[in-house]
Amino acid sequence: MNIRSSADDFVSRTNAIVAEFKALDGPLLPILHAVQEAFGYVPDEVKPVLAEALNLSRAEVHGVVSFYHDFRVHPAGRHVLKLCRAEACQSLGGDALADRVRQLLGIDFHQTTPDGAVTLEPVYCLGLCACAPAAMLDDDLHGRLDADCLEALVAEARR
C-alpha cells in the first residue's frame, strides 16, 4: 500500500487493476477492493477511470464507494482500529467503550489521529457476538473487551 501517488500513477495502476478484474461478472467491487489495497483508499481520481472502463456513470461508482463502509475516501492511519457497533456489542458495554476510545484517541469515528497513527472506524459486526464487545486492530480480532483491554489496544496502535 502506497498512499503517496500522483494522479498519473493512480490512473495507470487503476487501469492495470481494471484489466485484471474486468472479465469477472460484476467486477466493480473486486476492482474497488484492489484499488484500496493498492493505494490505501479509493482516490477521487480513479472514479472516472472506473466509470469509463466499466460503462458506468461516475455517480454509480461514487454511490458504491460511499455505500459500503469498507471503502475509504481518504488515506488511513498506520493502524486501523475497528470497533463493533452492532447490537450484541452495544448491549454488553460497547457504547461506553466507544466513548472511551474516542476520548483516548481524541478523534471520532471515520477520523485519523493528527500524528497519522490510528484511524477509528465503526463496524456493524465482526462475528464475535458471543465474545462481545469486540474490536479489530488491523487484522487482529479482540473479544470480551473492557476498558483496560481497550486502553492496551490504543497503546499498541500508538506505537
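**Aromatic pairs and the buried side of α1**

Let's start with the rings. Counting ring centres within 6.5 Å of each other, we get four aromatic pairs. Keep in mind that this is a predicted model.

Take F10 and F39. Their ring centres sit 4.7 Å apart, and the planes meet at 85°. Anything over 60 degrees counts as edge-to-face, so that is what we call this pair. Now look at where the two residues sit. F10 belongs to helix α1, residues 7–21. F39 belongs to helix α2, residues 28–39. That is 29 residues of separation, so the pair links distant parts of the chain. Both F10 and F39 are buried.

F10 and F39 also belong to a cluster. Ring pairs join them with Y41.

Next pair: Y68 and F71. The centres are 6.3 Å apart, with 90° between the planes. This one is edge-to-face as well. Buried or exposed, what are Y68 and F71? Y68 has 37% relative accessibility, so it counts as partly exposed. F71 has 8%, and the cut-off for buried is under 20%, so F71 counts as buried.

Back to α1. The helix has 15 residues. From first C-alpha to last, α1 reaches 21 Å. The expected value, at 1.5 Å a residue, is 21 Å, and the helix comes close to that.

Which residues of α1 are buried? F10, T14, I17 and V18. They cover an arc of only 100° around the axis, so they lie on the same side of α1. Turn to the other side, and you find D8, A19 and E20 exposed.

What do the buried residues of α1 pack against? Helices α2 and α3, the latter being residues 47–54.

For a residue on the α3 side, pick V49. V49 lies in helix α3. Its relative accessibility is 15%, so V49 counts as buried. Leaving out residues up to four places away in sequence, V49 touches V11, T14 and N15. T14 is one of the buried residues of α1 that I just listed. As for V11, it is 38 residues from V49 in sequence. In space, the two are 6.9 Å apart, C-alpha to C-alpha.

To wrap up. F10 pairs edge-to-face with F39, and ring pairs link both to Y41. F10 is also among the buried residues of α1, and those pack against α2 and α3. On the α3 side, V49 touches T14.

How values were computed. Residues numbered from 1 in each chain as written. Predicted model: local features only at pLDDT ≥ 70, side-chain atom pairs only at ≥ 80, totals over all residues. Heavy atoms only, no water. Phe/Tyr/Trp six-rings, centres within 6.5 Å; stacked < 30°, edge-to-face > 60°. Helix = DSSP H or I, 4+ residues; strand = E, 2+ residues; numbered from the N terminus. Buried < 20%, exposed > 50% of the residue type's maximum accessible area, 1.4 Å probe, protein only. Expected span 1.5 Å × (residues − 1). Arc of directions from axis to C-beta. Contact = heavy atoms within 4.5 Å.
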